[in-house]
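Work through the exercises below with the structure open. Try each task before reading its solution.

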Amino acid sequence: MGFAIGVDLGGTNLRIAAVDESGALVEKVTTGTQVKRGRDAVIDDMVAAIRALTSKFQGKSKLLGVGIGVPGIIDKYTGMVRESPNLPGWSDYPVRDVIEQKLQTPIFLENDANVAALGENWLGAAKGNDDVCMITLGTGVGGGLVLRQRVWHGMTGMAGEIGHMTVDPNGPRCGCGSFGCLEAYASATAVVRMAREAIAGGQADQLKRTASDDAEFSARSVFNLALQGDGPARQIFAKVGWALGIGLANLINLLNLRMYVIGGGVSAGWQAFAPTMFEEVFRRCFVYAATVPDEIQGPQEGASAELKPLASARRTIITRALLGSDAGLYGAARLPMLGVEMTEHAHIPAFQK
Ligand SMILES: [Zn+2]
């Protein structure tokens, strides 16, 4: 059985895992590498760690390649990082070719949200499904679309930017230049921003106390308050659910897939945002209303009661991710196993090659 190396080139740490073809995680290393030390130091450490891992299996198992999940936009054609706020100094540098040369094994670069989707599809919440749409709620909101077990890249590798779907045309300005993106309501950054707005509004005493007591005031702090029943904190998570519901309604109308998986740090707040999310999806999405599982009860005026029972295989499932931060490691390791059809030239018409 062969194995592959998955790399999670996160905003802070570098994590590397050896995963075999059955999906067993053989070994995982979290290097102390600080991404802020710069591109060359990170690449050198990555290459050294991969060599050390690989040498352990030499002779016993074949290395199929290395997949690297990168927080940013990847140019699949050139193997370069096109844009990544978390990786300053990485753009316009032939990352894939440089690493490939050093390691003499196929290297696959992929956006981090895409590898998370691939991981959940292979071994997590969407295991056994051909298709999955994944939304990752982290510092920002990422999206990944896996169709027929392959990442859907679109024309230039930029497909799946679910975080920048408009949920409110008059909403706050987003880093992408647009207004009222999903990211502006459902990211950890957005939760903290909404908390500060509520505090500034003078109606959120508990939030105010928590924010001033807690130096590491975060989306998690707001969630804890919501769990304790604090009104303003609950309202913030209801807003998260509202925005996700709108986003999902659009996605479900567009894609009609079976599985929609929600992961990332903010997904820990599921309990606080899921009720509004399901309500909103049900209210806005007739495709969902027509395929909703029995256990999810939408508003009574919905159409589901009139519909004939569907086989469970044709129900729309919106669920939490299962693999946590390892989804990206598994998904990255999966890339070399899926082989050449995932590489950059696969969908370019022959005359452009
Ligand atoms: Zn945006």
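**Exercise 1.** Which residues in α3 are buried?

Solution. The model is a predicted one. A residue counts as buried when its relative accessible area is under 20%. In α3, that holds for A113, N114, V115, A116, A117, L118, G119, E120, N121 and W122. The helix is therefore mostly covered, with 10 of its 12 residues buried.

**Exercise 2.** Check the length of helix α3 against the expected span.

Solution. Helix α3 covers residues 112-123, which is 12 residues. The expected span is 1.5 Å times one less than the number of residues, so α3 should span 16 Å. The end C-alpha atoms of α3 are 16 Å apart, in agreement with this. Now look at the start of α3: a side-chain oxygen of N111 comes within 2.9 Å of the backbone nitrogen of A113.

**Exercise 3.** Determine the arrangement of donors around the zinc ion.

Solution. Begin with the donors: H164 (ND1), C174 (SG), C176 (SG) and C181 (SG) coordinate the zinc ion at 2.0 to 2.3 Å. Along the chain, their spacing is H-x9-C-x1-C-x4-C. Next, take the angles. Four donors count as tetrahedral if all angles lie between 85 and 135 degrees. Here the angles are 104 to 122°, so the arrangement is tetrahedral.

**Exercise 4.** Is C176 buried or partly exposed, and is C181 buried or exposed?

Solution. C176 has 43% relative accessibility, so C176 is partly exposed. C181 has 0% relative accessibility and is therefore buried.

Conventions. Residues are numbered from 1 along each chain as its sequence is written. This is a predicted model: local features need pLDDT of at least 70, side-chain atom pairs count only at pLDDT 80 or more; totals for chains, interfaces and linings use all residues. Side-chain values use heavy atoms; hydrogens and water are left out. Helices (H or I, at least four residues) and strands (E, at least two) are DSSP runs, numbered from the N terminus. Buried means under 20% relative accessible area, exposed over 50%, partly exposed in between (1.4 Å probe, protein chains only). A polar contact is a pair of N or O atoms within 3.5 Å; within protein, one must be able to donate a hydrogen and the other to accept it, and residues adjacent in sequence count only if both atoms are side-chain atoms. Donors are N, O and S atoms within 2.8 Å of the metal (3.2 Å for Na, K and Ca); water is not among the atoms, so sites may look incomplete. Four donors count as tetrahedral if all angles lie between 85 and 135 degrees; four count as square planar and six as octahedral if opposite donors are over 155 degrees apart and all others between 65 and 115; anything else is irregular.
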